[in-house]
Amino acid sequence: MTAYFVDLADYASVRTWSETIYNHLASRSIPLTTDARQFWPLDALETFRLWVNQGWRRTPADPFDNATRLPKPSSPYPPPYLRHDLASMSPAEIDDFRARLDDIMRVTDPSPSSPWQKWAYVHTNWCLHYQEAFAFWHRGFLLYLEAMLGCPVPYWDWMAEDASKDGSPSAGLPRCFLDQTYIHPGTGERRPNPLRYAAAKDGQSKLCAKDSQPGPDCRYVQRNPLFYTTGDDHRAERQALFAMTEIFQQQVVDALQFDSFSVPQGSPGFPWANIPAFDPPQPDDLYPYRDQNFDGAYEQPHDNYHGWIGPDMADNAYTAFDPIFLCYHANIDRMLEVWIRAHPVAQYTAGVALQPFVGPAAAQIDEVTPELWRYTTIGDLAQDSRRLGYDYGPPASPQFRGRAPVNLSGAVPLLGSGNGAGRPMGAAHAAMGAWVIFDGVRCTHDSYAIDVFLGGTAGEARADNAAYVGRFSRIGMGIADDKGRCIRHGVSRVLDASRAAAALGLSAGQDPGLRIRVTNLHGGAELCEDEYGELPGFKPEFHWGDLRAAPVRRSSQSPCCH
């Protein structure tokens, strides 16, 4: 504490400044060591407080001079409520959650008056995607539901280390979403499980919508039927489905390495500080990855999981009617919170309205007011969740930490071995530069999976296929965008191709044999190049080396949804 002229080796100095020392240690404005993450333990802090209140005694023989010089710290803020890992909850706790969905939201009721239908329709009509507000809009959506339920939404931990391994308790969907029935804790009745038999949008699943395949009882939401198989029943297909999630997990790990959240809302390609232009233009090397950031990288695995789960989750007009959306997005928010807490001084476009939520905690909605200042904003929700009143309980399983980066012979190092902040970079950022880039990405009406391959052929989209780069899902809006839910200028999205390039023995400058397969997620039809070429942001480019040197071409200002 020499900067405060406090000599901790001098008794008189410590006594004189004891109140200041205590306040700084208690507020954690001064770390214990030069490591900014280390602070005084609470019991040591309490010992120091008692020492001051007993009269700063130097030896056991000194007399006591008791006085309340440092009052006992109060807790003026109520403790945050906890969103728990489903895997750590007791059957009784899960049944209580089911019963609230049953009794309060009437999840199995498809009538327009059902609170469930009304709540899910908020997502259908207002959700925001491909823009900075994406993650925070969905944060508000869950907060609004929790205000109605009167309880936290638990999270489904799809970042568990073994979630990609068939046979693991963490693989596939949580057991509570597969059960046929449950016992209502209040009435003792055996009821259909609302986590499985939720009323689909208007009582008809996307699976049974026009031009889609006929399905089972489409009054209820539908998912990939492989989730309901066990043992040898479709084992190979189920193993391949579950193995895909490691690719999505790696995308999350890579996204968490970005130090900027987003480019300013509505100002594509410009660095932070809300400056629309520079004169003279600033060199690119001052703003590495200025068009790549956490927000954009994180939305990719978010979309992939939606498509992976199946019919209703794979369409933004239908997705919120499936209760798995709740616990899935609680974990989306948990990983967002990991990034927020690691970047406490991050910048956001704070004033962007998150319609139709109103109030600082998104506890209400107003779908008609034209006064934008009434709405919840990014600034309201872009903060530590504990300030919003909730926190996350620890996951029950070890977390996926990412695969080791690869080096490509002859490639240009992307940004060296670090990110300039003394922190090792993530797998994608430490890789030696092989990228698949999609420019002009905007919302579409339908949902698609874009599977990317190297080596000259579009093989099988499997995690064990060495030529497979990964998946870029495009979750369609399902309805026309008449509320500005999709920004019109388009965004850039990238896939790290370094592992596939290394597996195929490719080196910088070599033709990678880039190929894609585009599949409509509803019906499974594969699109030819002439068909997907008409869609925004579906044609990729391959880039070796430093991503900053990649050409970025913006699409024209055409309508965002087709």
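**Surface, sheets and empty space in a predicted chain**

The accessible surface of the chain adds up to about 25200 Å², and 54% of that belongs to carbon and sulfur atoms; areas here come from the Shrake-Rupley method with a 1.4 Å probe, and for residues only the protein chains shown count as cover. This is a predicted model, so to speak of local features a pLDDT of at least 70 is needed, side-chain atom pairs count only at pLDDT 80 or more, and totals for chains, interfaces and linings use all residues. Residues are numbered from 1 along each chain as its sequence is written, and side-chain values use heavy atoms, with hydrogens and water left out.

Of the 562 residues, 52% count as buried (under 20% relative accessible area, with exposed meaning over 50% and partly exposed in between; 1.4 Å probe, protein chains only). The secondary structure comes to 14 helices and 14 strands, taken as DSSP runs and numbered from the N terminus (H or I with at least four residues for helices, E with at least two for strands). As for contacts (heavy atoms within 4.5 Å), 72% of those between residues at least 6 apart in sequence join residues at least 24 apart.

On to the strands, where two of them pair if DSSP finds at least two bridges between them. One open sheet has four strands in the order E10-E9-E12-E13, with antiparallel pairing. Strand E10 (468–474) and strand E13 (526–527) stand at the edges with a single partner strand each, so one side of each is left without a neighbour in the sheet. E9 and E12 are joined by six bridges in the antiparallel sense, and Val 452 has Ile 516 in E12 as its bridge partner. Elsewhere, strand E8 (residues 434–441) runs antiparallel to E14, with five bridges between them; here Val 436 is matched with Phe 542 of E14. Strand E14 (residues 540–544) is mostly covered, four of its five residues being buried.

Next comes the empty space. Rolling a probe the size of a water molecule over the atoms shows where such space is left. The search uses a 1 Å grid over the protein atoms alone: a cavity is a set of points where a 1.4 Å probe fits but cannot get out, a pocket is an open set with protein on both sides within 12 Å along at least five of seven lines, and lining residues have an atom within 4 Å of a point. Grid points are joined across faces, edges and corners, and a volume is the space filled by probe spheres set on the points.

The largest pocket holds about 1000 Å³ of space. It is lined by 38 residues, of which Asn 224, Pro 225, Gly 307, Gly 310 and Leu 521 are the closest to its centre. Helix H7 (235–243), helix H9 (294–309), strand E9 (448–453) and strand E12 (515–520) are the elements that give two or more residues to this lining. By class, the lining of the largest pocket has 17 nonpolar, 11 polar and 10 charged residues (Ala, Val, Leu, Ile, Met, Phe, Trp, Tyr, Cys and Pro count as nonpolar, Asp, Glu, Lys and Arg as charged, and the others, Gly among them, as polar).

Two cavities of 30 Å³ or more turn up by this rule. The second largest cavity has a volume of about 40 Å³, and its lining consists of Trp 156, Trp 158, Ala 163, Ser 170, Gly 172, Thr 245, Tyr 305 and Trp 308. Five of these count as nonpolar and three as polar, with no charged residues.

Two aspartates sit out of reach of the probe to varying extents. Asp 322, in the loop between H9 and helix H10 (324–342), is buried at a relative accessible area of 0%. Leaving out residues up to four places away in sequence, Asp 322 touches Trp 116, Val 221, Arg 223 and Met 313. Asp 102, in helix H4 (residues 91–105), is also buried, at 12%. Beyond neighbours within four places in sequence, the contacts of Asp 102 are Val 107, Thr 108, Tyr 182, Arg 191, Pro 192 and Pro 194.Last, the backbone. Most residues other than glycine have a negative phi, and most peptide bonds are trans. Arg 106, however, has a positive phi of about 50°; this residue is in the loop between H4 and helix H5 (115–126) and is partly exposed at 32%. His 234 has a positive phi of about 55°. The bond from Gln 355 to Pro 356 is cis, with omega near 10°, and Pro 356 lies in strand E4 (residues 353–358).
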